[in-house]
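Q: Please take a close look at one part of this structure, the network of salt bridges. Which residues are linked in it, and where do they lie?

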Amino acid sequence: MPKLNILHLIVVFLACATIFTLLREARGRSLPPGQLFTSVPFALATAILLLAMANPETRQPRLWLAGLAAGIAIGVARASYLTLQLDRMYSRLRLPKARDGLLAACLLALCVIVALGAALALSDPTLEVGATCAVAASTGYLSGRAITLWRRSLSAPHHTLHHTSP
């Protein structure tokens, strides 16, 4: 009978940290370009730990990688169309009306809860596999989005950000 252990708590903490790191961006505030990547290590650690905690009989690394690759492709496509304002003088950028990263992090946290609940309840293993793949897809989305936005910020035109807080 599986029981709650410290890894379950670490995964939930990492999912919450992913959400927390994206709050400033979702509010439309300015941030340094490097801060686009702060959520990615938390999301990646969440996805890898969740995959590692799955039962060896139900673990599907190929399906997990497919979810990660699909998430990266969707994240790259979405980031290509986001509005990006870059102030080169202060090295700050703002993504007005870009709450998609926060929504992906919330989806990641919800799927973590579903995967942990399915694993602890010993229910149908397909629910756990599906939730783990959705976590990988959310992680891929955040990664592809961050890389593409950073790449776009290298050649974006200057935009003066007067008042960056709401």
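A: What follows starts with the whole chain, turns to the salt bridges, and then goes along the helix where the network begins.

This is a predicted model, in which local features need a pLDDT of at least 70 and side-chain atom pairs count only at pLDDT 80 or more, while totals for chains, interfaces and linings use all residues. Residues are numbered from 1 along each chain as its sequence is written, and side-chain values use heavy atoms, with hydrogens and water left out. The pLDDT is the predictor's confidence in each residue, from 0 to 100. The chain has an average pLDDT of 87, and 95% of the residues score at least 70.

The chain has five helices and two strands. Here helices (H or I, at least four residues) and strands (E, at least two) are DSSP runs, numbered from the N terminus. Their order from the N terminus is α-α-α-β-β-α-α. Of the elements, helix H3 (residues 61-81) has the highest mean pLDDT, 93, and E1 the lowest, 86. The C-alpha trace spans about 60 × 25 × 20 Å along its principal axes. Of the 166 residues, 43% are buried; buried means under 20% relative accessible area, exposed over 50%, and partly exposed in between (1.4 Å probe, protein chains only).

Now the network. The structure holds three salt bridges, a salt bridge being a side-chain nitrogen of Lys or Arg within 4 Å of a carboxyl oxygen of Asp or Glu. Glu25, Arg78, Asp100 and Arg145 are linked in a network of such bridges.

Glu25 pairs with Arg145, and their closest N and O atoms are 2.5 Å apart. This pair links distant parts of the chain, since Glu25 is in helix H1 and Arg145 in helix H5 (residues 125-155), 120 residues apart. Both Glu25 and Arg145 are buried. Arg145 counts as buried because its relative accessibility is 3%.

Arg145 also forms a salt bridge with Asp100, with 3.0 Å between the closest N and O atoms. Here helix H5, which holds Arg145, is linked to helix H4, which holds Asp100, across 45 residues of sequence. Asp100 has a relative accessibility of 11%, so Asp100 counts as buried.

Asp100 in turn forms a salt bridge with Arg78, the closest N and O atoms being 3.3 Å apart. Asp100 in helix H4 (residues 100-121) and Arg78 in helix H3 are 22 residues apart, and this pair too links distant parts of the chain. Arg78 counts as partly exposed because its relative accessibility is 32%.

Back in helix H1 (residues 6-26) there is also Thr21. Thr21 is buried because its relative accessible area is 18%. A polar atom of the Thr21 side chain lies 2.8 Å from the backbone oxygen of Thr18. Leaving out residues up to four places away in sequence, Thr21 touches Thr38, Ser39 and Phe42; contact means heavy atoms within 4.5 Å.

Leu7 is another residue of helix H1. Leu7 is partly exposed because its relative accessibility is 32%. Leu49, in helix H2 (residues 39-53), touches Leu7, Ile10, Val11 and Leu14, again leaving out residues up to four places away in sequence. With a relative accessible area of 23%, Leu49 is partly exposed.

To return to the request: the residues linked in the network are Glu25, Arg78, Asp100 and Arg145.

Conventions: A polar contact is a pair of N or O atoms within 3.5 Å; within protein, one must be able to donate a hydrogen and the other to accept it, and residues adjacent in sequence count only if both atoms are side-chain atoms.
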